[in-house]
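The following paragraphs walk through one protein model, moving from its helices to its ligand and then to its loops. Please keep the sequence and the 3D view at hand while reading.

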Amino acid sequence: MPPRPKYTALDESLYDYLVAHRTPDDAVVDELREETARLGGSAVMQIAADQATLLRILVSAIGARRAVEVGTFTGLSALAIARGLLPDGRLLCFDVSEEWTAIGRRYWEKAGVADRIELHIGPAAPALAALPEDPPLDFAFIDADKAGYPVYWEEIVRRLRPGGLVAVDNVLWEGEVVQADKNGPDVEAIRAFNEKVLADDRVESVMLAVADGLTIARRLG
Ligand SMILES: C[S@@+](CC[C@H](N)C(=O)[O-])C[C@H]1O[C@@H](n2cnc3c(N)ncnc32)[C@H](O)[C@@H]1O
């Protein structure tokens, strides 16, 4: 008999089951999901429901006060992170799209967390490089253009406090990371990025099979 695998493959019904068995979303999140879905094809960029819950729990578990997000889109991940912050916490968001993030702003207002979120419109790399190193960051989420990941990683990890966390989305790239015949620029960028994280001795990290793959890295002391 083959050994039992150490993972459980998901299909739609099992995924629906796990999404249904987490703390339910509130009306603000439901409405944000519905409005984002009406955008059509680009809605696929929104993080998954379980991922949003996980981000909020991680942020809250480490008592984060200072957080950064690269790639905001219509604001669901930012909403989740902002909700997990300590009451006086601040989240700095970076995105190039005024149009998509304007949707997010409305929902942050509705959720009562708009005062915790500062949004910068423009390419994230120079804006991150201009951030002070002190006070350090407690939490960061990277979910933007894949070619930019190494730069976002460097700018964030050097500013992260010991014990601080970075979460990075799309690290499995729909499974293409292990498919030798897939060599598009995004999957190549993700493969190179994953090796970079593995070789980085400033952090300990784990790749979770959540959504399209989520790396969680913790800055060592
Ligand atoms: C996958 S979406 C982010 C999804 C979002 N985290 C959510 O919860 O819905 C990627 C976002 O990265 C933004 N983006 C792309 N290139 C960027 C860059 N160079 N700097 C900042 N943001 C960028 C896009 O405008 C897009 O909104």
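Helices, marked H, are DSSP runs of at least four residues, and they are numbered from the N terminus. The model shown here is predicted.

A convenient place to begin is helix H5, which runs over residues 98–111 and so holds, by that count, 14 residues. From its first C-alpha to its last, H5 reaches 20 Å, close to the 20 Å expected at 1.5 Å a residue. Six names make up the buried set of this helix: Thr-101, Ile-103, Gly-104, Tyr-107, Trp-108 and Ala-111. These residues lie on the same side of H5, because they cover an arc of only 145 degrees around the axis. An α-helix has 3.6 residues a turn, so residues three or four places apart point the same way. On the other side of H5 are Glu-99 and Glu-109, both exposed.

What covers the buried residues of H5? Included in the cover are two helices, H2 (27–37) and H4 (76–84), and two strands, E2 (90–95) and E3 (117–121).

The ends of H5 can be inspected next. At the N-terminal end, Ser-97 acts as a cap, with a side-chain oxygen 3.4 Å from the backbone nitrogen of Glu-99. Just after the helix comes Gly-112, which takes a positive phi of about 75 degrees.

Helix H2, one of the elements that cover H5, can be read in the same manner. Its buried residues are Val-28, Val-29, Leu-32, Glu-35 and Thr-36. They are on the same side of H2, because the arc they cover around the axis is only 130 degrees. The buried residues of H2 pack against H4 and H5.

Helix H4 leads on to the ligand by way of Ser-77, a residue found in that helix. Is Ser-77 buried or exposed? Its relative accessibility is 4%, and therefore Ser-77 counts as buried. Leaving aside residues up to four places away in sequence, Ser-77 touches Ile-47, Leu-55, Glu-69, Gly-71 and Phe-141.

Ser-77 is also one of the closest residues to the ligand, along with Gly-71, Asp-95, Ala-124 and Asp-143. In total, 19 residues surround the ligand. Three of the closest residues can be taken in turn. For Gly-71, a polar backbone atom is 2.9 Å from a nitrogen atom of the ligand. For Asp-95, a polar side-chain atom lies 2.7 Å from an oxygen atom of the ligand. For Asp-143, an N or O atom in the side chain is 2.8 Å from a nitrogen atom of the ligand. On its own the ligand has 610 Å² of accessible area, and the protein covers 89% of that area.

The remaining stops are in loops. Most residues other than glycine have a negative phi, and most peptide bonds are trans. Against that background, the peptide bond from Asp-134 to Pro-135 is cis, with omega near 0 degrees. Pro-135 lies in the loop between helix H6 (124–129) and strand E4 (137–142), and Asp-134 is found in the loop between H6 and E4 as well. Asp-134 counts as exposed because its relative accessibility is 63%. Along the sequence, Asp-134 and Arg-159 are 25 residues apart, while in space their C-alpha atoms are 7.5 Å apart.

Another loop joins strand E5 (160–169) to helix H8 (185–199), and Asn-170 lies in it. Asn-170 has a phi near 70 degrees, a positive value in a residue other than glycine. With 13% relative accessibility, Asn-170 counts as buried. Trp-173 lies in the loop between E5 and H8 too. The phi of Trp-173 is near 45 degrees, again a positive value in a residue other than glycine.

Which residues does Ile-190 touch? Ile-190 is found in helix H8, and its contacts, not counting residues up to four places away in sequence, are Lys-146, Tyr-149, Asn-170, Val-171, Trp-173 and Val-177. Val-171 is 19 residues from Ile-190 along the chain, and the C-alpha atoms of the two are separated by 6.1 Å. Because its relative accessibility is 0%, Ile-190 counts as buried.

Methods: Residues are numbered from 1 along each chain as its sequence is written. This is a predicted model: local features need pLDDT of at least 70, side-chain atom pairs count only at pLDDT 80 or more; totals for chains, interfaces and linings use all residues. Side-chain values use heavy atoms; hydrogens and water are left out. The expected span of a helix is 1.5 Å times one less than its number of residues. Buried means under 20% relative accessible area, exposed over 50%, partly exposed in between (1.4 Å probe, protein chains only). The arc is that of the directions from the helix axis to the C-beta atoms. Contact means heavy atoms within 4.5 Å. A polar contact is a pair of N or O atoms within 3.5 Å; within protein, one must be able to donate a hydrogen and the other to accept it, and residues adjacent in sequence count only if both atoms are side-chain atoms. A residue is near a molecule or strand if one of its heavy atoms lies within 4 Å of it. Accessible areas come from the Shrake-Rupley method with a 1.4 Å probe; for residues, only the protein chains shown count as cover.
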